Amino acid sequence: MSKKPTAPEFLVDLLNARSPSGDEHEAQAVFDRHIKPHADVYRAVRLGNRIATLNPAGKPVLMLAGHIDEIGLMVTFVNKDGFLYFDTIGGHDRIMISGRRVVIRTANGPVKGVTGKRAVHLMDADDRKKVPERHEMWIDIGATSKPDALRRVSIGDTATYDHEFEMLHGTLGVARAFDDKAGAYVVGETLRRLALEKKSPAASVVAVATTQEEIGVRGATASAYGVDPDFAVVVEVTHATDHPDCDQRKFGEFKLGGGPVITRGPNINPIVYAKLVAAAKSAGIPVQLEGDPRPTGTDARAIQLVRGGVASGVVSIPLRYMHTPSEIVDLADIENTVRLLVEFSKSLKKSDTGVW
Ligand SMILES: [Zn+2]
């Protein structure tokens, strides 16, 4: 008997879309398909962001942001024998790169490849202790020469690991890029659920699927300027510290299944923080609290500083093994994050300004 997958289709479609920073086409198409029908106004913009608005005449304007880009590789050089050399898109642990199946997005459709390096048997004792440099690895697409390779791929094509979504156990899922397809799902799904309610919220809710977060929060910077929100909540993933070799004295205490993580600190407007905590309480959602005394490593670091300043918050989904081909998330935390944002969106009153 086959078990039915328990993950929402929109989330699975986003997770399986290949969307390295700057090449987000597949994830844009998924967001368009699932969210456009529920928005009052839906815009595609020059940086590739997708901007879905519910209740455009509402006040205040609340922007919800989740990034649809992911880390990847980019083909930068093909040698005479047809092996592809690459640069990394976003922050990679180089120890993860070799020995993987990858899929290259090309003008003629996907091309399969393998990330190669010299086998362990062919290394001396010193080499074995080292993490390979980027130029000591390549992508092998089975080409026999440079012209043969260039008939199938082009310089600048991007690649992702060929790891799609699967359920692992119980409500735990594993995927290549929960960072931050999970967040993009949450902002889109929040808008969809608000659209299905009989009464619209006082606020205008703008769900933005942002691009190019992994290379410097670039889509969020432009989209926040364009949307010009009063409030913003960024939905990201954060490190679960409930696995071995993770010193909680350094990294704090966050666990899978513990609920969304609400951040506090200078990147966070204190009114937004208080309203998020209150929304969680009124909806009966478990949350975890994080203190971050610096600009967060999220789209919120850009959004907060746009124009005259935006009252910003960050809600994160705990995740193990970030930026590896096998990130683990508890789908119950994703669902609770949607419920939290629905409640928060409805709690904003016309008179709320975020001024403190
Ligand atoms: Zn992220």
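These are my notes on the zinc site and the nonpolar cores of this predicted model.

**Zinc site.** I started with the zinc ion and pulled up its donors. They are NE2 of H67, an OD atom of D179 and two OE entries from E236, at 1.9 to 2.6 Å. Next I checked the geometry: the angles among the four donor atoms run from 52 to 148 degrees, and the site comes out as irregular. A tetrahedral call would need all angles between 85 and 135 degrees, so this spread rules it out. Water is not among the atoms, so I keep in mind that a site may look incomplete.

**Donors along the chain.** I wrote down the spacing as H-x111-D-x56-E. D179 sits in helix α5 and E236 in strand β13 (residues 231-239), so this pair ties together parts 57 residues apart in sequence. I also looked up burial for both. D179 is buried at 5% relative accessible area, and E236 is buried too, at 4%.

**Cores.** Then I turned to the nonpolar side chains. The largest core holds 73 residues, and F178, I303 and I334 have the most contacts inside it. Which helix gives the most to this core? Helix α5, residues 178-196, does, with eight residues. Another core lies apart from it, with 17 residues, including I97, V111, I139 and I141.

**One residue up close.** I picked I303 and listed what it touches, skipping residues up to four places away in sequence. The list for I303 reads M63, A65, A220, A224, A232, V234, V310 and S312.

Methods:
Residues are numbered from 1 along each chain as its sequence is written. This is a predicted model: local features need pLDDT of at least 70, side-chain atom pairs count only at pLDDT 80 or more; totals for chains, interfaces and linings use all residues. Side-chain values use heavy atoms; hydrogens and water are left out. A nonpolar core is a set of buried Ala, Val, Leu, Ile, Met, Phe, Trp, Tyr and Cys residues joined through side-chain atoms within 4.5 Å. Buried means under 20% relative accessible area, exposed over 50%, partly exposed in between (1.4 Å probe, protein chains only). Helices (H or I, at least four residues) and strands (E, at least two) are DSSP runs, numbered from the N terminus. Contact means heavy atoms within 4.5 Å. Donors are N, O and S atoms within 2.8 Å of the metal (3.2 Å for Na, K and Ca); water is not among the atoms, so sites may look incomplete. Four donors count as tetrahedral if all angles lie between 85 and 135 degrees; four count as square planar and six as octahedral if opposite donors are over 155 degrees apart and all others between 65 and 115; anything else is irregular.
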